[in-house]
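Notebook open, structure loaded. I want to go through burial, cross-links and charge pairs, and jot down what I find.

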Amino acid sequence: AHVHHPATEKITNDTSMEPVTVSEAGERFTKYIVPTECQKATVTFTAFAMEDYPDCQYQYLSISTSPPYKESNIYCANQIAVGQSFSSDNGIVLYGYNNVNYGGGVKTIWTADVKFEDIPGCGDAGGSIETVGCSSETTIKTFEDGESVRITSPTVREAYPSQNTTCSWKMQ
């Protein structure tokens, strides 16, 4: 049976992740590391000791640093060094799979720290950047040549509040 591990979580603040432990075959977990706008997330491994099987077939950690998160790199054994980091301003998805049974025992397979940093210059290109969002009212905005603008959708990085929401921007 596939068991979703209690280590599955969404992380939005600096943290030292609890040691990820496994004990029975079929365990899977996902860590969603989600930076806010104008931030970069970094995961730095402080320990990594997965089992060494050919092609990482029984135990692995998949790391994806760019949407749509379908493309990822697979790691097992000692393929991630202590101190190795992965960063993204879009988010990081860690997906772990364990198909090793430790016979009632528990094994720590990795630990890591998560840090969020502001992206230099984001949000202030020599001054303030006006944000143009989506609303129920039609709005016409005119900007000067070379003026910076940020275009956002409702509830940035979250689902739209309604399936009937449509946003569009016309630029000339």
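**Entry 1: burial terms, then the disulfides**

Before anything else I need my burial classes: buried is under 20% relative accessible area, exposed is over 50%, and partly exposed sits in between. With that cut-off, Cys122 comes out as partly exposed because its relative accessibility is 33%. I should also write down that this is a predicted model.

Cys122 has a partner, so I looked up the disulfides and found 2 in the structure. Cys122 is bonded to Cys38, with 2.0 Å from S to S. Cys38 has a relative accessible area of 18%, so I file it as buried. I put Cys38 in the loop between strand 5 and strand 6, and Cys122 in the loop between strand 11 and strand 12 (130–132). That makes the two 84 residues apart, a link between distant parts of the chain. I read the S-S torsion of this pair as about -60 degrees, so the disulfide is left-handed.

The other pair I noted is Cys56 with Cys76, again with S to S at 2.0 Å. Its torsion is about -70 degrees, so this disulfide is left-handed. Cys56 belongs to the loop between strand 6 and strand 7, while Cys76 belongs to the loop between strand 8 (73–75) and strand 9 (85–88), so parts 20 residues apart in sequence are tied together. Cys56 is buried at 8% relative accessibility, and Cys76 is buried at 2%.

**Entry 2: overall layout**

I stepped back to see the whole fold. I count 13 strands and 0 helices, so my sketch of the chain order is β repeated from end to end, in line with the DSSP runs. The protein has 172 residues, and 31% of them are buried. I also checked the contacts between residues at least 6 apart in sequence: 69% of these join residues at least 24 apart. The exposed surface is about 10,800 Å², with 46% of it from carbon and sulfur atoms.

**Entry 3: nonpolar cores**

Which residues touch the most other members of the largest nonpolar core? I get Ile33, Phe45, Leu61 and Trp110, out of 24 residues in that core. Strand 4 (20–22), strand 5, strand 6, strand 7, strand 10 (92–98) and strand 11 each put in at least two residues. Strand 11 gives the most, with 5 residues.

I then listed what Trp110 touches, leaving out neighbours within four places in sequence. Its contacts include Met17, Pro19, Val20, Phe29, Phe45, Ala47, Phe48, Leu61 and Leu94. Lys31 and Met50 are among them too.

There is a second, separate core of 5 residues, which includes Cys56, Tyr60, Cys76 and Tyr97. So the Cys56 and Cys76 that I found joined by a disulfide turn up in this core as well, and each counts as buried.

**Entry 4: salt bridges**

My search of the whole structure gave 2 salt bridges. Glu9 pairs with Lys31, and the closest N and O atoms are 2.6 Å apart. Glu9 is in strand 2 (residues 9–11) and Lys31 in strand 5 (residues 27–33), 22 residues apart, so I would call this a link between distant parts of the chain on the strand assignment. Buried or exposed, I asked of Lys31? Lys31 is buried, with a relative accessible area of 2%. Glu9 is partly exposed at 34%.

The second bridge is between the side chains of Lys107 and Glu51, at 3.0 Å from N to O. Lys107 is in strand 11 (residues 107–118) and Glu51 is in the loop between strand 6 (39–48) and strand 7 (59–64), so parts 56 residues apart in sequence are tied together. Lys107 is partly exposed, with a relative accessible area of 25%. Glu51 is also partly exposed, at 22%.

**Entry 5: Thr30**

Last, I looked at Thr30, which lies in strand 5. Thr30 counts as buried, since its relative accessibility is 8%. Not counting residues up to four places away in sequence, I find Thr30 touching Ala7, Thr8, Glu9, Val93, Leu94 and Tyr95. I had already met Glu9 as the salt-bridge partner of Lys31, and Leu94 as a contact of Trp110.

Key: Residues numbered from 1 in each chain as written. Predicted model: local features only at pLDDT ≥ 70, side-chain atom pairs only at ≥ 80, totals over all residues. Heavy atoms only, no water. Salt bridge = Lys/Arg side-chain N within 4 Å of Asp/Glu carboxyl O. Helix = DSSP H or I, 4+ residues; strand = E, 2+ residues; numbered from the N terminus. Buried < 20%, exposed > 50% of the residue type's maximum accessible area, 1.4 Å probe, protein only. Contact = heavy atoms within 4.5 Å. Areas by Shrake-Rupley, 256 points an atom, 1.4 Å probe, with all protein chains shown as cover. Core = buried A, V, L, I, M, F, W, Y, C linked by side-chain atoms within 4.5 Å. Disulfide = S-S within 2.5 Å.
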